[in-house]
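Student: Could you walk me through this model with a few questions and answers?

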Amino acid sequence: MTDAAARLRRPLWLRIYLGITLLLFLAAAAFGLVFSPRDVTQGDLIRIMYAHVSVAWIAFVAVGLTAVFGALYLWRGKRRDDVLAVASGEMGLFFASLTIIGGMTYSRPTLNTFWTWDAKLTLTAIMVALMVGYFIVRGLIDDPVRRGRVSAVVAIVAAASLPFNYLAAEWFRTLHPAKSVALDGSGVTMDATMLAVLLFNTVVAGLVYLGFMIDRVRLGRVEAALEEERSLAATRPAPVGKEVVRV
Amino acid sequence: MTAAPAGAGAPVGAGAPVGSGAAVPAGAPAAIELRGLVHGYGGPPVLAGIDLDVAVGRVVALHGPNGAGKTTLLRLLATRLRPVRGHARVLGHDVVRQAHEVRTRVATLPVYGGAYGALSGRENLRLGVALRGGDDDPGAVDRALERVGLIAAADHLVRAYSSGMRKRLALARLTLADAPVWLLDEPYAALDEQGQELVDALIAAARDDGRTVLVASHDLPRSLATADAVVEIAGGHLRVLARPTRAPTATATATAGTGAGADA
Amino acid sequence: MNDLHAVLWIARKDLLQEARSKAVTVATVFFSAVTLGVLAFAFGENPLLMREGAMGALWVALAFAGVISAAQSWQADLEDGALEALLAWPVPRAAVYLGKLLANWGLMTALGFVLLPLAGGLYGAAIGGNGETAPALVVAVLLGTIAAGTLGFALIAVFYAGLTANLRARESLLPVLMFPVVVPILLAAVRASNALVGSGDLDLAWAWLRLLVGFDLVYAVVCLVLFRFVVEA
């Protein structure tokens with residue numbers, strides 16, 4: 001087991017990467033909190049938006065990549081694809097939960113309610129429910145191969161529902177599909193500084209995702225190796241090159 | 001989706017010479033080939049590296065204590081479990097990569113009947129024949145029911161069958177499948193004396209037809225009387241217990257009464 | 001053609017079982033009737049609320065009935081290892097899925113056709129006419145909406161019921177897995193039905209129907225391709 005402990009020690013490059021990411025994260029927060037101008041209509045509340053929107057985008061990417069890695073696992077059967085899928089799935093659940101917290105923080109002062117059936121917030125809530133289902137299924141299957149395959153199927157079915165869920169939630173609010181308008185302000189021109197801050201926040205959120213992924217994948221590989229070792233430990237005494245029983 | 005014993009291997013038509021290792025041409029795939037087969041997870045493996053060759057046309061009895069892995073081995077061969085390590089081939093076809101080919105060549109007798117309770121015995125058999133891609137032949141279904149002694153109960157729902165009757169129904173389905181490889185999981189369990197003799201007769205007939213039969217059983221005297229070899233699985237490994245009635249090079253003589261077709 | 005044959009045999013088997021046990025029919029009919037009644041109480045005595053909520057209540061009842069139906073149909077397969085034996089035969093796994101889907105969809109559509117007038121009567125909602133569209137056409141599109149909506153439910157319910165059939169805690173797990181995926185079906189079906197019942201607005205209903213049909217098409221492909229991983233060892 002000390003072998004596993006040694007493998008879990010983060011190598012220097014990863015520590016440097018995570019350190020830099022932390023610094024960039026602080027910088028992104030500072031940009032949002034200090035350097036960004038106040039919004040014309042929303043005032044200082046716009047500062048929540050930077051963290052919120054960037055985290056939401058990454059949540060989508062993470063859930064989508066869970067399905068992609070799942071599909072790769074079904075296709076190639078390589079254990080590392082399953083490890084990647086789990087890692088991305090956990091990040092997806094984490095970022096989607098953050099998005100909901102952010103959305104509630106945002107809507108309380110602006111709309112005077114913690115929850116609104118806004119299309120994107122609804123979609124994020126559904127995404128959390130989908131990922132919770134994914135992890136429940138994983139927890140119920142002992143055989144690693146079957147666990148990987150069945151959960152990959154769940155991830156793909158879940159991800160395929162996201163476009164439909166988005167369309168339905170968006171149209172449902174506006175009552176009429178044909179009259180649907182973008183309510184997210186994408187038609188509104190954004191101040192160049194604000195856009196830059198948002199993009200920077202998104203890049204940093206992506207780097208955080210990547211850093212967590214790398215760390216989680218390292219852990220997942222050790223987990224997989226241990227699981228395999230345990231299941232094969234008893235086969236070791238099998239005589240090497242013993243004769244085939246012929247009948 | 002033909003159910004006929006097609007493709008690879010030695011000819012397996014009725015009356016083909018069987019029981020002789022020398023009769024199988026060199027290079028022809030074994031009926032069953034297991035190499036380094038490992039199965040089981042979250043604990044000691046049930047199968048810890050099995051290496052086995054079963055020649056075409058052989059009847060092999062599989063013994064071992066409860067939980068030793070007999071059913072696991074049969075389910076692996078029936079493509080219903082996948083090996084953790086190693087591989088298993090049936091008539092040259094890999095059970096994982098060529099599962100469909102394997103399924104066309106294998107017929108199973110599950111421990112429990114494996115039939116739908118809400119359907120009658122006859123309906124279950126017709127479903128089985130149809131899903132194996134066979135022709136809907138009421139005559140064949142009737143003959144199979146007749147043979148296992150279920151013709152009177154053919155139109156009763158299987159739900160009302162006793163466990164012995166369910167086993168008989170499974171035997172009828174087995175014969176209808178016309179597969180070159182049979183996997184029988186405890187065929188004698190739940191059967192009366194007459195039913196057990198029926199199993200012996202079916203196995204003998206399968207041998208005459210050149211089928212390969214793997215029988216998981218606890219009945220050593222019966223195995224010694226019917227099988228070409230008795231192997232034991234214990235502790236995840238396999239060993240030969242006995243090669244009773246037919247040595248690998250000897251043709252069938254001991255039970256000439258049932259093997260008459262082959263000897264003629 | 002052989003595979004189509006297998007699909008029909010599996011569907012026939014499921015329907016034959018259902019015709020004998022009535023397990024799905026009894027459970028779903030009474031369950032959905034109770035759901036309609038309970039929701040009617042929840043709306044109180046407000047006729048306007050009742051009228052507008054009629055289609056919502058109908059689709060909620062159908063969604064839950066879909067879960068029960070799918071779970072029940074796999075339950076019969078698990079008894080005595082019948083499915084295990086069936087899967088050892090050379091049957092394409094997609095054919096097993098399609099057969100069960102056909103049977104389930106048929107039952108759910110029939111249930112929807114029965115519940116529609118029941119919901120209309122209980123909630124005081126009638127087919128609205130705007131003077132331009134013929135009521136017969138509105139009813140036809142409404143029945144089409146029910147067929148498309150129940151197909152969406154059945155696609156996911158049969159798929160996930162097969163997936164959870166071999167897992168622990170399957171009864172509670174199936175709705176947890178299924179409902180987040182079928183939210184679009186529920187929304188689109190309710191809106192399309194409301195448009196038809198309320199005002200006979202075919203254009204509006206058609207816009208939502210497109211979403212339903214799109215969902216059905218995408219998931220028909222996804223589920224057919226992925227099903228073998230659900231039942232494979």
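Tutor: Happily, here are some points on the chains, one helix, some strands and one contact.

Tutor: This is a predicted model, in which local features need pLDDT of at least 70 and side-chain atom pairs count only at pLDDT 80 or more, while totals for chains, interfaces and linings use all residues. Residues are numbered from 1 along each chain as its sequence is written, and chains are lettered from A and ligands numbered from 1 in the order in which they are written.

Student: Which pattern does chain A follow along the sequence?

Tutor: Helices (H or I, at least four residues) and strands (E, at least two) are DSSP runs, numbered from the N terminus. Chain A has seven helices and one strand. Read along the sequence, the pattern is α-α-α-α-α-α-α-β.

Student: At which residue does H7(C) bend?

Tutor: Helix H7 of chain C covers residues 170-199 and reaches 41 Å from first to last C-alpha, close to the expected 44 Å; the expected span is 1.5 Å times one less than the number of residues. A bend is the angle between axes fitted to the seven residues ending at a residue and the seven starting there. In H7(C) the bend is about 50°, with the proline C:Pro184 following within four residues, and the residue at the bend is C:Val182.

Student: How many of the 30 residues of H7(C) are buried?

Tutor: A residue is buried if 20 or more other C-beta atoms, placed from the backbone, lie within 10 Å of its own (exposed if 12 or fewer, partly exposed in between). H7(C) is mostly covered, and the buried residues number 22.

Student: Which residue in the turn between S9(B) and S10(B) has a positive phi?

Tutor: Strands pair if DSSP finds at least two bridges between them. S9(B) (229-234) pairs with S3(B) (59-63) in the parallel sense over four bridges, and with S10(B) (237-242) in the antiparallel sense over five. S9(B) and S10(B) form a hairpin with two residues between them, and the turn residue with a positive phi, about 60°, is B:Gly235.

Student: Which helix gives the largest share of the side of chain C that touches chain B?

Tutor: Residues are in contact if their C-beta atoms, placed from the backbone, lie within 7 Å, and this contact takes 23 residues from chain C and 24 from chain B. Helices H1 (2-21) and H4 (82-87) of chain C each supply at least two residues of that side of chain C. The largest share is nine residues, and the helix supplying them is H1(C).

How values were computed. Two residues are in contact if their C-beta atoms, placed from the backbone, lie within 7 Å.
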